[in-house]
Amino acid sequence: MRTITVRQAIQEALREEMRRDENVFLMGEDIAYYGSAYGVTKGFVDEFGEKRVKDTPISETAIIGAATGAALAGLRPIPEIMSINFALQALDQVINHSAKMSYMFGGQMKVPMVLRTPSGWSQLAATHSQTLELLFAYIPGLKVVMPSTPYDHKGLLKSAIRDDDPVIFIEHALIYGAKGEVPEEEYLVPIGKSVVRRPGKDVTVVSYSRMAMLAMEAANDLAAEGIDVEVIDLRTLRPLDMEPVIESVKKTNRVVVAEEGWKTYGIGAEVQSRIYEEAFDYIDAPVRRVAGIEVPAPYNKHLEMAAYPHKANIVAAIREVLK
């Protein structure tokens with residue numbers, strides 16, 4: 001099987017769905033002739049034209065408002081917000097309109113929109129290095145996807161584009177160049193299904209996006225010491241599929257939850273709570289959480305590295321939970 005990057009996987013998903021359905025179109029700041037901030041849509045305007053690859057004014061509220069309206073009118077817009085931090089400008093459109101239309105009108109109106117946006121950190125400082133997926137995962141009416149591998153980026157994005165509900169598709173900015181095997185033939189990855197990324201019997205690590213990749217690296221390192229780590233990649237944060245997690249806990253009896261976001265009220269807190277609710281009798285040690293330090297992201301490189309979790313933090317948490 002061929003190997004491609006996350007960026008290429010996203011590009012393939014967009015191209016295939018735009019060729020399959022003429023109602024699918026892209027919109028966002030500098031996505032046409034500049035090719036977007038991370039180069040994902042480079043060349044798309046040459047193939048699909050300005051009607052389906054639209055540059056927009058610098059107004060996130062206008063982008064999501066227009067996309068919601070287009071979706072209600074029967075199109076399938078894919079608005080791109082340059083950074084998840086800028087999506088804060090459009091929260092009213094997303095939370096009070098896109099997410100609620102179907103519920104407020106008894107299912108008579110659909111919003112088949114995929115909001116693509118990068119998240120993550122890389123010396124972008126306090127207002128640009130935030131991981132804010134929790135804000136969207138909290139809202140009923142939205143589906144929130146945050147994959148790790150190129151395979152899942154392509155398969156989940158294609159599923160999101162075909163979905164009749166608004167989907168927030170979050171790409172970690174530090175893994176666009178990560179490589180992985182992706183088949184050339186057509187495939188979809190269903191939204192709302194966690195996956196066992198690596199089977200093991202001693203401890204379960206639950207994670208998603210870039211941290212799931214680091215969890216795999218940590219598991220491979222510890223395998224040399226005879227520690228058998230099971231890694232579960234959530235892939236979708238809403239709806240949250242806990243079945244593989246609970247089944248894994250019943251087998252390993254020890255759990256580490258790893259995320260980049262802040263620990264308080266975070267995704268890890270939700271996973272930890274569900275484990276205690278559904279598998280309390282199987283827990284042999286307190287569930288440990290790996291998360292970001294609860295400060296605004298520092299611009300200084302060394303301070304930033306200290307603020308975000310790394311593979312070493314996952315390894316340390318695994319050793320702690322195994323004591």
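Asp-228 sits in the loop that links helix H8 (209-223) to strand S11 (229-233). The model is predicted. Asp-228 is partly exposed, because its relative accessible area is 23% and the buried class ends under 20%. Its contacts beyond four places in sequence are Arg-198, Pro-199, Gly-200, Lys-201, Asp-202 and Val-203. With Arg-198 the link is also polar: the two side chains form a polar contact of 3.2 Å. Pro-298 is 70 residues from Asp-228 in sequence. In space, the C-alpha atoms of Asp-228 and Pro-298 are 35 Å apart.

The loop between S2 and helix H2 (44-48) holds several residues of interest, including Ser-36, Asp-30 and Thr-41. Ser-36 is buried, because its relative accessibility is 2% and the cut-off for burial is under 20%. Leaving out residues up to four places away, Ser-36 touches Asp-30, Ile-31, Thr-41 and Glu-80. Thr-41 is also buried, with a relative accessible area of 1%. A polar atom of the Thr-41 side chain lies 2.6 Å from the backbone oxygen of Ile-31. Outside its neighbours within four places in sequence, Thr-41 contacts Leu-26, Ile-31, Ala-32, Gly-35, Ser-36, Glu-80 and Arg-116. Glu-80 thus appears in the contact lists of Ser-36 and of Thr-41.

Asp-30, in contrast to these two buried residues, counts as partly exposed at 41% relative accessibility. Its backbone is also of note. Asp-30 has a positive phi of about 60°, although it is not a glycine. Ala-125, likewise not a glycine, has a positive phi of about 75°. Ala-125 belongs to the loop between strand S5 (114-119) and H6. A cis peptide bond runs from Arg-238 to Pro-239, with omega near 0°. Pro-239 is placed in the loop between strand S12 (236-238) and H9. Most residues other than glycine have a negative phi, and most peptide bonds are trans.

The largest nonpolar core comprises 46 residues. Within this core, Phe-136, Leu-234, Val-271 and Ile-275 touch the most other members. Two or more residues come from each of strand S2 (24-28), helix H3 (60-72), helix H4 (91-98), helix H6 (133-137), strand S7 (167-172), helix H9 (243-252), strand S13 (255-262) and helix H10 (267-279). H3 contributes the most, with 5 residues. A second core, separate from the largest one, has 33 residues. Among its members are Ala-32, Val-40, Phe-44 and Ala-160. Ala-32 is also one of the contacts of Thr-41.

Leu-234 illustrates the packing in the largest core. Beyond its neighbours within four places in sequence, Leu-234 is in contact with Lys-193, Ser-194, Val-206, Ser-207, Tyr-208, Leu-240, Asp-241, Val-245, Ile-267 and Val-271. Val-271, named in this list, is itself among the residues that touch the most other members of the core.

Helix H1 (residues 6-20) has 15 residues. At 1.5 Å a residue, H1 should span 21 Å, and its end C-alpha atoms are 21 Å apart, so the two values agree. The expected span is taken as 1.5 Å times one less than the number of residues. Buried positions in H1 are Val-6, Ala-9, Ile-10, Gln-11, Ala-13, Leu-14, Glu-17 and Met-18. Gln-11 and Glu-17 are thus included in the buried set.

At the level of the whole protein chain, there are 12 helices and 14 strands. The chain has 323 residues, for which a compact globule would have a radius of gyration near 20 Å. The chain has 20 Å, so it agrees with that expectation. Along the principal axes, the C-alpha trace spans about 60 × 45 × 40 Å. Buried residues make up 57% of the 323 residues. Of the contacts with a separation of 6 or more, 82% join residues 24 or more positions apart. The exposed area of the chain is about 13,800 Å². Carbon and sulfur atoms supply 52% of that area.

Terms used: Residues are numbered from 1 along each chain as its sequence is written. This is a predicted model: local features need pLDDT of at least 70, side-chain atom pairs count only at pLDDT 80 or more; totals for chains, interfaces and linings use all residues. Side-chain values use heavy atoms; hydrogens and water are left out. A nonpolar core is a set of buried Ala, Val, Leu, Ile, Met, Phe, Trp, Tyr and Cys residues joined through side-chain atoms within 4.5 Å. Buried means under 20% relative accessible area, exposed over 50%, partly exposed in between (1.4 Å probe, protein chains only). Helices (H or I, at least four residues) and strands (E, at least two) are DSSP runs, numbered from the N terminus. Contact means heavy atoms within 4.5 Å. The radius of gyration is taken over C-alpha atoms; the globule rule is 2.2 Å times the number of residues to the power 0.38. Accessible areas come from the Shrake-Rupley method with a 1.4 Å probe; for residues, only the protein chains shown count as cover. A polar contact is a pair of N or O atoms within 3.5 Å; within protein, one must be able to donate a hydrogen and the other to accept it, and residues adjacent in sequence count only if both atoms are side-chain atoms.
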